[in-house]
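Colleague: Please pick one part of this model and go through it closely. Then work outward from it, with the numbers, so that I can find each feature on screen.

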Amino acid sequence: MLKSVLKMVYITFGAVMCFIIYSLSYSTNVQNKIISTVGECVDSEDRLDVAKVFSMPKLPVDGKALYSQKMDGVGEVVIYNTVSEFSITTYENKGTEEKADWDSTTETYYENMYYMFIFNPEFTYTSGGDKNYSGIRFYMDDEKYLDYHFIISNEEGEDNYDEYIKHPQNKYEAVYNSKKNLIKNYSRYGLIFVPFTETLIEETTTKLGCEKISKVSIISNDINTNLAKVAGSIEMDFDFSQQFYTDVKPYVENKNIYENAENKDAKNSAKEFIDSFDITTINQDYVYGFSNSKFYSKSLVWNAIGIVALFIVVLILVYILIFHFAFIKGIIFRQPKPKQRYVPNKVGPKNDGRVDVNIKPEKQISSAHTKRKSEAIDAKVEPVKENDNKLEAKEENVDSNSKENDTDGKN
């Protein structure tokens, strides 16, 4: 009974693990495909295709770059107007200082966004200590600004751990103090990707106490002093006042209605608008990001299935070793039976290996006796006739009389 229960537990565990392995393998394959596609687009020097990768699936992008310039000491900087789905998580402390019970609130919505790409960066974005100043500096004026660092680590002793807040209690802390790394994924391709979300701009202007951001700088780590150093600056209004954002406003509003509205009629109406909306007809420079089909291909599915198949083979082998070990051991260590010549009438051994010497051999019959016995069996039996019997009787009487006469004569 226990063995049957263990078998069921093992099979259930294997099924769950197969699902987990498939999901992880497939999502990892998709992520690797996206990253490698970014590398291909960077190598081809098609900057718009790079933006289209990050604007999947099919989100509007202004194909004409808002800013594109090679800056000495910085690299090639390209900025696009776009729309993106952005998730932000805030936390509120519902407990006490002795025992905090954090209740998370997640807000997911579509919003306006600026894509900043820095190709082949020339500034220092690594640090020699635990402080990494590389990032973007948002200005209210030359005297008041906020630094948005590329890396915030949640590991003690790593870059900017002192800025990390495990439980941010408002949007500002979620944007500025949550774990992030804008260097890691694409540095192998010589690319730094910095999204300026509408939430980021709003929280920055609120913190600075200004109406809009009109200047940003790329910050480098000074190797000599290990302090922040301005590598280059861009003077431009980052307030989403460009015409592109006016043109896509109905699209963004209906996207959020469709994603978040509980009213079924409102959702259906929003979906009809989204399906009929075509940003490319508004302006010939507007394009859509890549569709999911470019990355979620069948080859990635089969790759994940192959990994699961290998795992199933391992599961079966382990299952056999665990639940049928005695049988396998018997096959591996089984001793072959010795070959013996068959001898007729040979007395076999007893179960304990001894030979019974009291067994009498069968009586040997000579060949001559056997032949006579065979002839007797094969003899022909004929019936005796009645006349023959009478004749034999007479002959016997005659013989008896003769014997008597002879006896009398002798006397």
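Modeller: I will take helix H4, which spans residues 198–208; its buried residues are Thr199, Leu200, Ile201, Glu203, Thr204, Thr205 and Leu208. Keep in mind that this is a predicted model. The list of buried residues mixes leucine and isoleucine with threonine and a glutamate, Glu203. After H4 comes glycine 209, with a positive phi near 80 degrees.

For the setting, the chain has eleven helices and twelve strands. Of its 411 residues, 33% are buried. The chain's accessible surface is about 27,400 Å², and carbon and sulfur atoms account for 51% of that. If one takes contacts between residues at least 6 apart in sequence, 68% of them join residues at least 24 apart.

Another helix to look at is H6, residues 249–260, which contains asparagine 256. The relative accessible area of asparagine 256 is 19%, and because the cut-off for buried is under 20%, this residue is classed as buried. Setting aside neighbours within four places in sequence, asparagine 256 contacts Tyr109, Tyr110 and Ala261.

Next come the rings. Ring pairs join Tyr114, Phe138, Phe196, Phe238, Phe240, Phe244, Tyr245 and Tyr286 into one cluster. In total, the structure has 25 aromatic pairs. One of them is the stacked pair of tyrosine 22 and tyrosine 26, with 6.1 Å between the centres and 5 degrees between the planes. Both tyrosines belong to helix H1 (residues 2–44) and are four residues apart, about one turn of the helix. In an α-helix there are 3.6 residues to a turn, so residues three or four places apart point the same way. Tyrosine 22 is partly exposed at 28% relative accessible area, while tyrosine 26, at 19%, counts as buried.

A second pair, tyrosine 148 with tyrosine 176, is edge-to-face: the centres are 5.5 Å apart and the planes stand at 90 degrees. Tyrosine 148 is in strand S6 (residues 145–149) and tyrosine 176 is in helix H3 (residues 171–176), so this pair ties together parts 28 residues apart in sequence. Both partners are buried: tyrosine 148 has 8% relative accessibility, and tyrosine 176 has a relative accessible area of 5%.

Tyrosine 148 also has a charge over its ring: the charged end of lysine 180 sits 4.6 Å from the ring centre. A further case is arginine 137, which lies over the face of tyrosine 145, at 4.0 Å from the centre of that ring.

Back at H1, there is a surface feature to inspect. Met1, Leu2, Val5, Leu6 and Val9 make up a nonpolar patch on the surface, and together they have about 560 Å² of accessible area. Methionine 1 itself is placed in the segment before H1. With a relative accessible area of 82%, methionine 1 is exposed.

To return to the starting point, H4 can be selected as residues 198–208, with Leu200 and Glu203 among its buried residues, and glycine 209 marks the position after the helix.

How values were computed:
Residues numbered from 1 in each chain as written. Predicted model: local features only at pLDDT ≥ 70, side-chain atom pairs only at ≥ 80, totals over all residues. Heavy atoms only, no water. Phe/Tyr/Trp six-rings, centres within 6.5 Å; stacked < 30°, edge-to-face > 60°. Helix = DSSP H or I, 4+ residues; strand = E, 2+ residues; numbered from the N terminus. Buried < 20%, exposed > 50% of the residue type's maximum accessible area, 1.4 Å probe, protein only. Lys NZ or Arg CZ within 6 Å of the ring centre and 35° of its normal. Patch = residues over 30% accessible without salt bridge, like charges linked within 9 Å, V, L, I, M, F, W, Y side chains within 5 Å. Areas by Shrake-Rupley, 256 points an atom, 1.4 Å probe, with all protein chains shown as cover. Salt bridge = Lys/Arg side-chain N within 4 Å of Asp/Glu carboxyl O. Contact = heavy atoms within 4.5 Å.
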